[in-house]
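The following exercises concern a single protein chain. Please study the sequence and the model, attempt each task, and then compare the result with the worked solution.

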Amino acid sequence: MISVNVKRNNGIIEEIKAKGHAMYDVYGKDVVCAGVSSSLITTVNAIISFDESSIIYKENPFELINVKKDQITNKLLDNLIEMLKEIQKQYGKNIKVKEENL
């Protein structure tokens, strides 16, 4: 299962961590993993296209820290979480999105 942990402070996403394998299918054919990976990478690329210093991130396992907390970054991160929740609606056995308010 893919586990996504989101930390918010006053409605602003501070941190996102994602790890695991969806186990929907074998590596290379897993549509849930592909959807999650695509969502994460697309969001990171969009954010850094506006301002490379607005986030710090690493892959495998995925970790993202919202440094500047500006409006564009916040909207893109909120959109990412909504996309992941949509995937969870269809594949709840394969991905779990948890949010924590600080």
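**Exercise 1.** Determine whether K17 counts as buried, partly exposed or exposed, and identify its salt-bridge partner.

*Solution.* The model is a predicted one. Step one: the relative accessibility of K17 is 34%. Step two: partly exposed residues fall between the cut-offs of 20% and 50%, so K17 counts as partly exposed. Step three: K17 forms a salt bridge with E15, and the closest N and O atoms are 3.9 Å apart. Step four: E15 has a relative accessibility of 18% and therefore counts as buried.

**Exercise 2.** Trace the salt-bridge network to which R8 belongs.

*Solution.* Step one: the structure holds eight salt bridges in total. Step two: one of them joins the side chains of R8 and D78, at 3.0 Å from N to O. R8 belongs to strand β1 (residues 2–9) and D78 to helix α2, so this pair ties together parts 70 residues apart in sequence. Step three: R8, at 12% relative accessibility, counts as buried, whereas D78, at 29%, counts as partly exposed. Step four: the side chains of E99 and K85 also meet in a salt bridge, at 2.4 Å from N to O. This pair links distant parts of the chain, with E99 in strand β5 (residues 95–101) and K85 in helix α2, 14 residues apart. Both residues count as partly exposed, E99 at 34% relative accessibility and K85 at 26%. Step five: through salt bridges with shared partners, R8, D78, K85 and E99 form one network.

**Exercise 3.** Describe the lining of the largest pocket.

*Solution.* Step one: the volume of the largest pocket is about 410 Å³. Step two: 18 residues line the largest pocket, and A18, S37, L40, N60 and F62 lie nearest its centre. Step three: two elements, β2 (12–19) and α1 (31–50), give two or more residues to this lining. The most come from α1, which gives seven residues. Step four: by character, the lining residues divide into eleven nonpolar, five polar and two charged.

**Exercise 4.** Establish whether V32 and L77 count as buried or exposed.

*Solution.* Step one: V32 lies in helix α1, and its relative accessibility of 1% means that V32 counts as buried. Step two: L77 is found in helix α2 (residues 71–90), and at 0% relative accessibility L77 counts as buried. Step three: the C-alpha atoms of L77 and N66, eleven residues apart in sequence, are 8.8 Å apart in space.

Terms used:
Residues numbered from 1 in each chain as written. Predicted model: local features only at pLDDT ≥ 70, side-chain atom pairs only at ≥ 80, totals over all residues. Heavy atoms only, no water. 1 Å grid on protein atoms, 1.4 Å probe; cavity = no way out; pocket = protein on both sides within 12 Å on 5 of 7 lines; lining within 4 Å. Points joined across faces, edges and corners; volume = space filled by probe spheres on them. Helix = DSSP H or I, 4+ residues; strand = E, 2+ residues; numbered from the N terminus. Nonpolar A, V, L, I, M, F, W, Y, C, P; charged D, E, K, R; others polar. Buried < 20%, exposed > 50% of the residue type's maximum accessible area, 1.4 Å probe, protein only. Salt bridge = Lys/Arg side-chain N within 4 Å of Asp/Glu carboxyl O.
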